Amino acid sequence: MRRSVIYGLFSLGLGLILFATMRPFFLDKGEQRNNTITETNNTGRLFQVQNVQQRNGNIQRINMIKANHQLVQRLNNSPSIKVINHNKKDKSHYYKNEIVVNFKTIPPQEKINQYLKDINGTLRERHETVYNFKSKSQTTNELEKYFIQKQSVEYAEPHYIFLPNEVNDTYYQSYQWNLPAIGTEKGWNMTRGSKNVKIAVVDTGVDLDHPDLAHRLIAGYNAIDNNNNPDDDNGHGSHVAGIIAADTNNGKGMAGITWYNPIIPVKVMDAEGTGGSFYVAKGIRWAVDHGADVINLSLGNYQSCDILESAIDYALEKNVVVVSAAGNDNTSQRSYPAAYPGVLGVAAVDSDGKRANFSNFGDYVDVAAPGVEIPSTFSNGEYAALSGTSMAAPHVAALAGLIRSINPNLKNTEVTKIITSSAQGLNSNKKSPYFGNGIINNLEALQMAAKNKK
């Protein structure tokens with residue numbers, strides 16, 4: 001695989017869903033939206049879920065489209081970044097004069113010293129057998145040719161840049177329409193999660209002190225700085241984490257889809273929202289080695305690379321459910337890691353059950369989930385509403401966590417099958433390039449998981 005610093009702003013693609021099919025799960029346009037939801041727990045006792053931040057709360061309003069477009073332009077014009085044009089519209093990026101090399105075994109130091117002399121460069125990073133070299137004079141292509149011919153090298157590739165999969169204006173909507181849309185509350189009558197099933201958010205980190213998240217977090221990792229401080233300096237990861245696990249029924253803020261599943265925060269992208277393939281792969285492996293049962297990847301690019309695919313394969317071999325956003329460019333260009341075999345690729349729909357106009361599409365889309373105007377937690381203790389397949393993916397990751405909570409013995413492939421086969425599909429047995437197998441259905445999936453309990 002080719003290590004590169006790919007820059008991908010992806011938009012997940014979804015086609016139209018028949019209105020009659022979606023009617024039971026999505027609010028009618030004229031239906032009143034209440035600020036709270038009242039449900040009964042398994043004992044029949046009423047509980048109240050406050051779905052919105054108190055009206056006096058501080059809600060951020062951010063134009064993410066403008067910010068992301070500006071970031072892309074900076075990458076396109078930066079002398080330290082190289083661009084891959086997949087077509088007229090879709091681009092990927094990687095760092096100039098850098099190479100990611102995976103050796104079959106760890107080379108002795110004298111060999112490394114010789115490599116550095118030959119390439120007139122430095123060793124930027126190392127994780128196990130993977131090395132990130134930077135040359136002062138040789139191009140990435142020259143570096144690739146130098147390393148790939150060596151018998152000790154498994155692969156050598158550019159250092160691709162990954163970006164969060166999110167688009168559209170950030171603005172606040174006073175009701176979490178996304179919860180009833182996928183049968184969340186009815187699913188809570190079967191399970192609200194388990195402290196034994198951990199969900200890793202591999203992203204920009206998570207706001208460690210957020211009042212609606214702090215009690216749901218366990219020890220995490222910063223793959224960029226190689227320490228145990230995965231604090232979020234961007235906001236994207238905090239938003240993703242809140243969809244999965246904002247502290248529910250605590251009288252403030254948002255309601256998470258899970259009540260008890262711990263979040264493992266893993267920081268692989270910086271304050272600007274970019275992260276190299278080296279750090280993304282490193283973060284995935286760390287999450288697997290530290291007990292993740294589910295991994296959410298709301299990030300991507302259009303260039304497949306060996307270092308990322310190897311990390312995904314490692315997670316799948318260790319029985320981890322891997323969920324990834326399909327991308328936000330309204331394109332059929334395959335995006336990664338969503339397009340890798342075994343990964344649940346997620347597209348986005350709006351509150352009417354229609355395809356989000358930014359959502360990528362293709363045969364790698366497995367399911368769809370709410371991804372337009374999704375309110376959740378944000379950095380610095382704040383709240384925001386974001387749109388993107390980045391927001392759709394954590395709905396699926398949360399469902400995977402609930403499925404494993406109700407039936408811990410299920411293999412990752414069995415969890416994936418339950419999610420896809422229980423989805424609210426079209427009036428056809430065919431898989432849609434826009435919706436995959438359909439929009440996720442929490443209640444149906446949990447009922448299916450309970451029936452398959454061994």
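This is a short viewer tour of one predicted protein model, going from the whole chain to single residues.

**Before you start**

Numbering runs from 1 along each chain as its sequence is written. Because the model is predicted, local features need pLDDT of at least 70 and side-chain atom pairs count only at pLDDT 80 or more, while totals for chains, interfaces and linings use all residues; side-chain values use heavy atoms, with hydrogens and water left out.

**Stop 1: the whole chain**

Show everything as a cartoon. The protein has 12 helices and 22 strands; these are DSSP runs numbered from the N terminus, with helices being H or I of at least four residues and strands being E of at least two. Now colour by accessibility: of the 454 residues, 60% are buried. Here buried means under 20% relative accessible area, exposed means over 50%, and partly exposed lies in between, using a 1.4 Å probe and protein chains only.

Switch on the surface, and about 17600 Å² is exposed, with carbon and sulfur atoms supplying 45% of it. The areas come from the Shrake-Rupley method with a 1.4 Å probe, and for residues only the protein chains shown count as cover. If you draw contacts (heavy atoms within 4.5 Å), take those with a separation of 6 or more: 78% of them join residues 24 or more positions apart.

**Stop 2: helix α3**

Select residues 109-119, which form α3, and show I112, Y115, L116 and I119, its buried residues. They sit on the same side of α3, because they cover an arc of only 95° around the axis, an arc taken over the directions from the helix axis to the C-beta atoms. In general, an α-helix has 3.6 residues a turn, so residues three or four places apart point the same way.

Turn to the face pointing away from that buried side to find the exposed residues E110 and K117. Next add the cover over the buried residues, which includes β6 (98-103), β7 (121-127), β8 (130-135) and α4 (140-148). Step just past the helix to N120, whose phi is positive, near 55°.

**Stop 3: α3 against α4**

Keep α3 and α4 on screen. Their axes come within 11 Å and cross at roughly 145°; axes are lines fitted to C-alpha atoms, for helices over the stretch in contact, and angles run from 0 to 180 degrees between N-to-C directions. The crossing of α3 past α4 is right-handed, meaning that the near helix is turned clockwise from the far one by less than a right angle.

Show Q114, Y115, D118 and I119 from α3 together with L143, Y146 and F147 from α4, which meet here. By class, this contact holds five nonpolar, one polar and one charged residues. Ala, Val, Leu, Ile, Met, Phe, Trp, Tyr, Cys and Pro count as nonpolar, Asp, Glu, Lys and Arg as charged, and the others, Gly among them, as polar.

**Stop 4: α10 against α11**

Jump to helix α10 (389-406) and helix α11 (412-421), which pack at about 120° with axes 10 Å apart. This crossing is right-handed too. From α10, pick V396, L399, A400, I403 and R404; they meet N412, V415, I418 and I419 of α11. The residues of this contact divide into seven nonpolar, one polar and one charged.

**Stop 5: residues in loops**

Centre on D366, in the loop between β19 (344-349) and β20 (367-370). D366 is buried, at 15% relative accessible area. Leaving aside neighbours within four places in sequence, its contacts are V343, L344, G345, T420, K431, F435, G436, N437 and G438.

Now select D233, between β13 (221-222) and α7 (236-245). D233 is partly exposed, at 44%. With the neighbours within four places again set aside, D233 contacts T204, K267, D270 and A271. A distance label between the C-alpha atoms of D233 and A271 will read 4.9 Å, across 38 residues of chain.

**Stop 6: backbone details**

In the loop between β18 (321-325) and β19 you will find P337. A cis peptide bond joins Y336 and P337, with omega about 20°. That loop also holds N330, a non-glycine residue with positive phi, near 50°; N330 is partly exposed at 34%.

Finish at N380, in the loop between β21 (374-377) and β22 (383-386). Its phi is also positive, near 60°, and N380 is exposed, at 66% relative accessibility.
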